[in-house]
Structure formats: structure tokens, C-alpha cells
Amino acid sequence: MGMDATLPAPWRIAWRRPESAAGDVFTWAVEPVDGTGSSFLPGQFNMLYAYGIGEVPVSISSDPAGTPWLHTIRAVGSVTRPMAALKVGEVIGLRGPYGSAWPLVAAEGGDLLIVAGGLGLAPLRSAIYQALRRRSHYRGVYVLYGTRSAADVLFADELAAWRDGGQIEVAVTVDRATPDWSGEVGVVTRLIHRAGFDPATTTALLCGPEIMMRFAVLALQQRGVPDKAIHLSLERNMKCAVGYCGHCQLGPHFVCRDGPVLAWPRLSNLLGVMEL
């Protein structure tokens, strides 16, 4: 990170890849213009700045051992829509990485369970790559992913490769089946009840819509996973990354400064409050 955490450095868009059939989700690969190296931990995020337009927080979705850095973005707002029109070779501002990380080292020795909903798979993608690299350090690794439809499945080729590779167990479900879908139908929390992890040794990593995470926590508790072993990313609450603006405040926590990855015991009294 630079000397001033609020100043973006110039990074170049190295390549761009659409991630959804509708074209509203895309991945940027970015690299520093000055060629300087840096590193990040799975779960952390960067602030991406489109010059003259605005800045947004985006989790890093790439393998932490590789370059360039990847960011998977949905074009939904006044900043991300213009970002979607930027071309390969254009320069953006980037500051970071910021935030807490998934507890992957602490999880070693037991089962690792990853539960993602929709675009929430992107902040967990870096954790999956690190778990694959250190596969022998975990008993089992399980990836449970749910999204709206087959057309919305994120990283479909990688999910298939991870499943076919045999090192981790992967299950994907959709809310609405179409004629071209032959897999699971239903909410992702249904998969938790069937997955073969050992609750006593499991560390669970969750990211997705808040309502999905609430019900996923309930399903994990019903399976016997200890509360302290359940970790959530509140990346949708990130704002300025340094806690100056205060818009990320959630009870006593500033998500940008204290999160986005937080253990369930720190959130249990907050996420139970609807629309908080």
C-alpha cells in the first residue's frame, strides 16, 4: 500500500472478460503502470477509481499467488456502468488492498466449507485457489454455490474444473431451472444439510446476499458447526475503505476497517435485525 492510503495509483486494464450471459458482470485484470509488485490476502478488497467518474470498493477475485489482479464487477450503478465501457489498455486508479482476510491458515487441519450466493463467489474465488494450493493441509474442501439461473452461474468453467479435478467437492444449485439445466434446483442452504463435512472440525466461509447468509448460518448451526467457526464477508457494506466516511458502520463495527470478513459471534446481534 502507498504512503497515503487515500491516494490511488495508476493501474492499467490488461484484459477484460464477460462473466454473465446478460453482459452485466465482467472481470477486469489490472496491473500497475509502474510495474511494482504487491500482494494481497484472500478476502481483501481494493478501491477502483474511474477517473472523472467515481470510486467503488471491489473484492479481489484472483489467485493470491498470481498476477495480474482480477476484480469481478456487476454494472449496476453510476460508477460501475461507465466502468463497464472502459477498454483494455485504459488506466484506472487503484488503492489497496484493504480489509481483513478469510481465516484459511487457522482452518488448516479440518474441513473447509465455502458457501456462496450469486456474485458472492467472486470474493471467495481467491480463497478457493489458496485452498487448492494447500489442499493437503485440509481434510475436505467443499464449495456450495447458488445463483438465480444457469445463465447467472459465475466462473462456470472453473466450477466444472474444480469438480472434475477431484480435489474438492463442488455443488451448484439455481433458483429457477431452464430447459438447459440438469443440476440442482433450490436455495443453496439446502446443500448444507447434505454436504459431507465434519461439523466439529469445519471452518465455514460465507459470502452473498444478507438473507442467504442468515439462513446459511442457521443451517450450519443445525449441523453443529460452532459459531466461532463461521465467517462472513460483508463486502456489500464497504464504502471508502478507511472508515473516514462512516457509511460502512454496522453497530460498533466499521466494515471497511474491521471487515469485510468477520466471525459470526461479532455479527449475530446485528444481522438478525432486518434491513440493518
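Which strand holds the place of Ser 59? I looked, and Ser 59 sits in strand 4. I note at the start that this is a predicted model.

**Entry 1: Ser 59**

I checked whether Ser 59 is buried or exposed. Its relative accessible area is 4%, so Ser 59 is buried. Then I listed its contacts, leaving out residues up to four places away in sequence. Ser 59 touches Gln 44, Phe 45, Leu 70, His 71 and Thr 72. Pro 123, Glu 235 and Met 238 are also in touch with Ser 59.

**Entry 2: the largest pocket**

Next I turned to open space. The largest pocket holds about 880 Å³. I found 36 residues in its lining. Arg 74, Leu 119, Gly 120, Glu 235 and Arg 236 lie nearest the centre of this pocket. I then asked which elements give two or more residues to the lining. They are strand 4 (54-59), strand 5 (69-74), helix 3 (121-133), strand 8 (141-147) and helix 6 (210-223). Strand 4 gives the most, with five residues. I sorted the lining by class and got 17 nonpolar, 12 polar and seven charged residues.

**Entry 3: the cavity**

How many cavities of 30 Å³ or more does a search of the whole structure find? I noted one. About 70 Å³ of space lies in the largest cavity. Its lining includes Glu 19, Ser 20, Asp 24 and Val 25. Arg 74, Gly 118 and Leu 119 are also among its lining residues. So are Tyr 145, Thr 147, Arg 148, Asp 152 and Leu 154. By class I have four nonpolar, three polar and five charged residues in the lining of this cavity.

**Entry 4: nonpolar cores**

In soluble globular proteins, nonpolar side chains tend to be buried together. I looked for such groups here. The largest nonpolar core has 37 residues. Val 115, Leu 206, Leu 220 and Leu 232 have the most contacts inside this core. Elements that give two or more residues to the core include strand 3 (45-50), strand 7 (111-117), strand 11 (202-207) and strand 12 (230-233). Helix 5 (189-194) and helix 7 (255-258) are also among them. Helix 6 provides the largest share of this core, six residues.

I followed Leu 206 further, leaving aside neighbours within four places in sequence. Among its contacts are Trp 102, Val 115, Leu 124, Met 213 and Ala 216. Val 217, Leu 220, Ile 230, His 231, Leu 232 and Ser 233 are in contact with Leu 206 too. I also noted a second, separate core of 30 residues, including Val 25, Leu 104, Ile 114 and Tyr 138.

**Entry 5: aromatic rings**

I counted seven aromatic pairs. In one of them, the rings of Phe 26 and Trp 28 have centres 5.7 Å apart and planes at 65 degrees, so the pair is edge-to-face. Phe 26 and Trp 28 are both buried.

Tyr 142 and Phe 197 also form an edge-to-face pair, 6.2 Å centre to centre with 70 degrees between the planes. Where do its two rings lie? Tyr 142 is in strand 8, and Phe 197 is in the loop between helix 5 and strand 11, so the pair ties together parts that are 55 residues apart in sequence. Tyr 142 counts as buried at 8% relative accessibility. Phe 197 is buried as well, with a relative accessible area of 3%.

My last note is a cluster: ring pairs link Trp 11, Phe 40 and Trp 69.

Terms used: Residues are numbered from 1 along each chain as its sequence is written. This is a predicted model: local features need pLDDT of at least 70, side-chain atom pairs count only at pLDDT 80 or more; totals for chains, interfaces and linings use all residues. Side-chain values use heavy atoms; hydrogens and water are left out. On a 1 Å grid over the protein atoms alone, a cavity is a set of points where a 1.4 Å probe fits but cannot get out, and a pocket is an open set with protein on both sides within 12 Å along at least five of seven lines; lining residues have an atom within 4 Å of a point. Grid points are joined across faces, edges and corners, and a volume is the space filled by probe spheres set on the points. Helices (H or I, at least four residues) and strands (E, at least two) are DSSP runs, numbered from the N terminus. Ala, Val, Leu, Ile, Met, Phe, Trp, Tyr, Cys and Pro count as nonpolar, Asp, Glu, Lys and Arg as charged, and the others, Gly among them, as polar. A nonpolar core is a set of buried Ala, Val, Leu, Ile, Met, Phe, Trp, Tyr and Cys residues joined through side-chain atoms within 4.5 Å. Buried means under 20% relative accessible area, exposed over 50%, partly exposed in between (1.4 Å probe, protein chains only). Contact means heavy atoms within 4.5 Å. Rings of Phe, Tyr and Trp (its six-membered ring) pair if their centres lie within 6.5 Å; planes under 30 degrees apart count as stacked, over 60 as edge-to-face and the rest as tilted.
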